[in-house]
There are 2 protein chains.
Amino acid sequence: MHPSRRVTIIDVARHAGVSTTAVSKVMRNAYGASPEMQVKVRAAIEELGYRPSAAARGLRGQTYTIGVMLPEMRNPFFADILDGVTEHLDGTDYQVLMAACCNDEAGEVRITEAMIDRSMDGVILIAPISSRRHLQKVARAVPTVVVGRHGHSPDYDTVTDDDFAGAGLVVDHLVTLGHQRIAHIEHAERNPVRLKEMPNAQRADGYRHAMQAHGLGDHIDIVSTTYTQQGGYLGAQQLLARPQRPTAIFAGADIVAMGVLDALTEAGLSAPQDISVAGYDDTMFAAFGPISLTTVDQAGHQMGVNAVRLLLDRVAIRGRPTAQIKLFPTLVTRRTTAPIVSP
Amino acid sequence: MHPSRRVTIIDVARHAGVSTTAVSKVMRNAYGASPEMQVKVRAAIEELGYRPSAAARGLRGQTYTIGVMLPEMRNPFFADILDGVTEHLDGTDYQVLMAACCNDEAGEVRITEAMIDRSMDGVILIAPISSRRHLQKVARAVPTVVVGRHGHSPDYDTVTDDDFAGAGLVVDHLVTLGHQRIAHIEHAERNPVRLKEMPNAQRADGYRHAMQAHGLGDHIDIVSTTYTQQGGYLGAQQLLARPQRPTAIFAGADIVAMGVLDALTEAGLSAPQDISVAGYDDTMFAAFGPISLTTVDQAGHQMGVNAVRLLLDRVAIRGRPTAQIKLFPTLVTRRTTAPIVSP
DNA sequence: ATGAAAGCGCTAACAC
DNA sequence: GTGTTAGCGCTTTCAT
């Protein structure tokens, strides 16, 4: 026997004694195949172990492939989104394929183009940092849903979490505990468009707004670094060097909070005894006993589910007006925040 | 203007005043295109913004796509492997697309078949749990490299880390610190084939062997649960209930160690004061200050690099004999292990 | 409801 | 070195 040539639609048609058109129709549950036809064809498919070639399908119709672009793989929050996506696609003919990029614009362009080249039926872009121009271009080539980036476009749908409100939840919580000198570590952003659209910017805004609302405008204290462990470490060092150091630090992301904790330890301090610390994202490790970080849960799973829903919708009706879905976050209180001792 | 039909190879050929063959050859850097031809064609490609359709290419030649299957997304160790993979592919025409499955056999079958259907040029399977029969089947359909699973096959290459030796490193370390009652929490496995091939089984074997080698055969104490946080928690509870409880616990994976720490805290104990704890994998969170877990570094990055190398090799020369690459792990000593106090 | 036939965009085999 | 042509395996008109 030969190195097993793949079974094609022709083999199935011949085996079932029907036309390839018929097989194609059955495969796609398309209109125009009698029940008997269905039975015959399905039997042949089963017997021969036929699986359609996605490449060949893609040349005429769909590829039944959804692409998901992630900024990185190490933030478990993205895994939550993906769970929502794949779960909702379970049982359908669609397959999700992901690509993680390197958090840089060139990488995002490469990946999105690769997805378009591969005739994917739709793409979900998670927290993209590309220019709006590029996002538009992608969206015009393939049905697109952008997750975790605010702002709206006539070409793609968006699913976001209310980062502004989320930051407010943290500030409210800390104020309730008696804190006033609450500092924030943000991810530096200068690009004006992204300044409005990126979650990190919204969190900083939300922090500012909530501080004002509590009459703590004078205590607003923001350090700009990056959403990395290193960024948290450096940010906290700056804050600890203040003449009047803060009693609470709200890190813009859980991973940032890890760096903050490192800096505290190094300075001989600890949370929450000396300083309360809160993060954002409710990543897996936030729940670990020795860490037990107070943080904000973004409902990643729900974001994923909503993203696919919008996407499949758009695959079906290309031209429909775009939608923006905004979900609401919840505060997860753990052991790194506590009532202030000496106000 | 129309909803922009994609630019095809015909458009480019016409624009450059050459044949489609010529364009195709230039695209693939294939033999038989003069320098002037190259220039002309490249100019036309540039001007028209042409990008070849992967679907169409796949129907005849390659798709320039490498598929990577991951058992899950939340273990950062897999991200290390992927970094190695993508980094090594940087600058080539290949694109990596991943799919995470649900740690179950049916999911793995679905994903591998999806990759085959999509005419991927090669696949890298990370820590697959499927039957050998299925792996063989996949490998016969598409060039395959299996990562993180021992055993060898005439059809696929393997890249593994020496889990047996890694477990030995941990035991040696703990013995050096004066520990004798060193317990191990393993991932339960009954399937006889996987019992030999899966890393978890090798770690348990390595533990057993090392204990014997140190004359501590009588102290061998293995609890079978699962490689999850919950598994670690339950396993530790069992161990703490022993009449003579262990002075050190070697968890088969970092995530298991997290569960162990939870159980210790709950019992009013802590590491390393009361019990030393070691993990395996050196995942990102093992390095976090409040955790600071002693663990084993598997050099995931190197595994990734080696996997692609083997894969591209096999894509070029399909029939070549298979290779097995085994890397050596290193111990990462942190603060959850310490010299024994009262032996 | 069914099937014949014309492509989809590319590559490979073959002429020139 | 270059161009012509025949498919790759499907889906989609369009007859019947």
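Me: What makes the crossing of α1(B) and α3(B) left-handed or right-handed?
Reply: The rule looks at how the near helix is turned from the far one, by less than a right angle: anticlockwise gives left-handed, clockwise gives right-handed. In this predicted model, α1(B) passes α3(B) in a right-handed crossing.

Me: And why are α1(B) and α3(B) called oblique to each other?
Reply: Start with the angle: the axes of α1 (residues 9–16) and α3 (residues 35–48) of chain B cross at roughly 120° and come within 9 Å. Roughly perpendicular covers 65 to 115 degrees, and roughly antiparallel needs over 145. The crossing of roughly 120° fits neither class, and therefore α1(B) and α3(B) are oblique to each other.

Me: How do you know which residues of α1(B) meet α3(B)?
Reply: Contact asks for heavy atoms within 4.5 Å. On the α1(B) side, B:D11, B:V12, B:H15 and B:A16 take part. Their partners in α3(B) are B:K40, B:V41, B:A44, B:I45, B:E47 and B:L48. By class, this contact has 6 nonpolar, 1 polar and 3 charged residues.

Me: Over in chain A, what makes α1(A) roughly perpendicular to α2(A)?
Reply: The axes of α1(A), residues 9–16, and α2(A) come within 8 Å and cross at roughly 105°. The perpendicular class runs from 65 to 115 degrees, so α1(A) counts as roughly perpendicular to α2(A). The contact joins A:I9, A:I10, A:V12 and A:A13 of α1(A) to A:T20, A:V23 and A:S24 of α2(A). Its residues are 5 nonpolar and 2 polar, with no charged ones.

Me: Now the DNA: how do you know which residues surround DNA strand C?
Reply: A residue is near the strand if one of its heavy atoms lies within 4 Å of it. That gives 25 residues, and the closest are A:T21, A:S34, B:I9, B:S24 and B:Y50. By class, they divide into 11 nonpolar, 9 polar and 5 charged. As for helices, α2 and α4 of chain A and α2 and α4 of chain B each supply at least two residues. The largest share, 4 residues, comes from α4(B).

Me: What makes B:I9 and A:S34 partners in polar contacts with DNA strand C?
Reply: A polar contact is a pair of N or O atoms within 3.5 Å. A polar backbone atom of B:I9 is 2.3 Å from a phosphate oxygen of the strand, and for a polar backbone atom of A:S34 the distance to a phosphate oxygen is 2.8 Å. Both pairs meet the cut-off.

Me: Which part of DNA strand C does A:R60 approach?
Reply: A base nitrogen, which lies 2.9 Å from a polar side-chain atom of A:R60.

Definitions and conventions:
Residues are numbered from 1 along each chain as its sequence is written. Chains are lettered from A and ligands numbered from 1 in the order in which they are written. This is a predicted model: local features need pLDDT of at least 70, side-chain atom pairs count only at pLDDT 80 or more; totals for chains, interfaces and linings use all residues. Side-chain values use heavy atoms; hydrogens and water are left out. A polar contact is a pair of N or O atoms within 3.5 Å; within protein, one must be able to donate a hydrogen and the other to accept it, and residues adjacent in sequence count only if both atoms are side-chain atoms. Ala, Val, Leu, Ile, Met, Phe, Trp, Tyr, Cys and Pro count as nonpolar, Asp, Glu, Lys and Arg as charged, and the others, Gly among them, as polar. Axes are lines fitted to C-alpha atoms, for helices over the stretch in contact, and angles run from 0 to 180 degrees between N-to-C directions. Angles under 35 degrees count as roughly parallel, over 145 as roughly antiparallel, 65 to 115 as roughly perpendicular and the rest as oblique.
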